[in-house]
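Please read the report below alongside the sequence and the model, turning from one to the other as each residue is named.

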Amino acid sequence: MTLDLRTGRPVWLLNKPRIPRNQRLKGNIRSTVVVVGGGVSGALVAHRLTEMGIQVTLVEARKIGAGSTAASTAILSYEADVNLGDLIRRIGKRSAVRAYQAGVEAINSLAATIKGLDGSCDFKKRRSLYLASSSKDVSLLRRECQIRQKNDFDVRLVLNRELTKTFSLSAPCAILNEEAAEVNPVKLTLSLVRCARKKGLKVFTDTKVMAYRREGKVSVLTTDGNCTIRARNVIFATGYESQEFLKQKSVRLTSSYAIASKPRMKFPKNYEYPVIWETARPYLYVRSTADRRIVAGGEDVDFVDEDKRDRLLGSKTKILERKIRKMFPHTSWTLGAAWTGTFAESSDGLPYIGPHKDFPGALFALGYGGNGITFAVIASLIIPDLILGLNNSDAKIFRFGRKARRRTAHW
């Protein structure tokens, strides 16, 4: 059964983006590579492989970009849900620092990729603010800032007076990070697919993969239409639905909620538009859009089922609105959109990329955690090397079966 990944009306769907009219698979085919999943992860991987001259087929159970990609708030950050200091304690300094560095490189890589697409995808480099939700978190942020500075990340601690003057925000302090961005996730996904199709990518929508098997050096996929796809390599970019067949104990499903204002919000003169998140857990995260909306998300709860998740949308919307009015008292907030989606979190806040012992011959690109798009870019950089048999040291950090110490209570 296909999981209902979201409900409500995400802001990215308000202006009727051009979703390609791709056909359903109706016969047996062969391809060098098959990418299963037409969200942003699958689109990034398919686009990069096609750019390399590899024959690629993309198969999606719904429409392109219509699943959890549309529910994303699309904040691009290298900062994992587990802070760097805690991640060092969990997986070691070398791996933790490299995981953060890979996030920085991913944001820059995406910026370069978008320059070659058929539109800007509303991509914008931003600074980010990691706010102390209360005075008790000040010492924690000081330590975290020092750890990042010692490892050459471009951050500094901003105190209350500067926060008020520069950002019109009230908080005890914040870590100011120079490397962040935002994008329209649906526009990005559609643009990647459109451009890859011009270079040979084959796309089939409304085609669900029901079974996978390996026959010698060939992977065989069976669809709900009883068609078979044979390929040398298969990449599963099936996101949170992957838990239906992987059933990883180190991953939990989460219901997250998001809202967006009406466009053309009025901010104070010379106001800078940072990406914002906070130390409280679950945390509030905030960004702006190209048409000057405020988008905010958070209020996460454990996912039980779609009905329970959806019933909470009204009450969670009111809570998020109240938080935004408090954060931006100088603006006149009017609700423009509200939605909820299902996401997954790994125990160490990092994605899973690479082979899985139960699926010989297949690779996975699973951007679990709060930085799904950043992690998707990282996957698109690792997977081509794995297909070509090249060494990629980052693959070890994000592999299945990695060991990590238990997360500390605060994070």
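The sections below take up the confidence of the model, one helix, and two residues.

## Confidence of the model

This is a predicted model, and its mean pLDDT over the chain is 90, with 94% of the residues reaching 70 or more. Over residues 406–411, however, the pLDDT is below 50, although this stretch still has 19 contacts in the model beyond near neighbours in sequence.

## Helix α1

Helix α1 comprises twelve residues, 40–51, and at 1.5 Å a residue it should span 16 Å; because its end C-alpha atoms are 16 Å apart, the model agrees with that expectation. The helix is followed by glycine 53, whose phi is positive, near 85 degrees.

How many of the twelve residues of α1 are buried? Ten of them are, so that the helix is mostly covered. The buried residues begin with an unbroken run in the list, Val40, Ser41, Gly42, Ala43, Leu44, Val45, Ala46 and His47, and also include Leu49 and Thr50. As a general point, an α-helix has 3.6 residues a turn, and residues three or four places apart therefore point the same way.

## Serine 41

Serine 41, which lies in helix α1, has a relative accessible area of 13% and counts as buried because this value is under the 20% cut-off. Once its neighbours within four places in sequence are left aside, serine 41 is in contact with three alanines, namely Ala237, Ala365 and Ala376.

The surroundings of serine 41 also bring in a distant part of the sequence: glycine 372 is 331 residues away along the chain, yet the C-alpha atoms of serine 41 and glycine 372 are separated by 8.2 Å.

## Aspartate 118

Aspartate 118 is found in the loop that runs between α4 (93–115) and β5 (124–131). Is this residue buried, partly exposed or exposed? Its relative accessibility is 38%, and aspartate 118 therefore counts as partly exposed, since that class lies between the cut-offs of 20% and 50%.

Not counting residues up to four places away in sequence, aspartate 118 touches Ser191, Arg194 and Cys195. With two of these residues the contact involves polar pairs between side chains: the side chain of aspartate 118 makes a polar contact with the side chain of serine 191 at 2.5 Å, and another with the side chain of arginine 194 at 2.9 Å. Phenylalanine 328, by contrast, stands 210 residues from aspartate 118 along the chain, and the C-alpha atoms of these two residues are separated by 35 Å.

Terms used: Residues are numbered from 1 along each chain as its sequence is written. This is a predicted model: local features need pLDDT of at least 70, side-chain atom pairs count only at pLDDT 80 or more; totals for chains, interfaces and linings use all residues. Side-chain values use heavy atoms; hydrogens and water are left out. Helices (H or I, at least four residues) and strands (E, at least two) are DSSP runs, numbered from the N terminus. The expected span of a helix is 1.5 Å times one less than its number of residues. Buried means under 20% relative accessible area, exposed over 50%, partly exposed in between (1.4 Å probe, protein chains only). Contact means heavy atoms within 4.5 Å. A polar contact is a pair of N or O atoms within 3.5 Å; within protein, one must be able to donate a hydrogen and the other to accept it, and residues adjacent in sequence count only if both atoms are side-chain atoms. pLDDT is the predictor's confidence in each residue, from 0 to 100.
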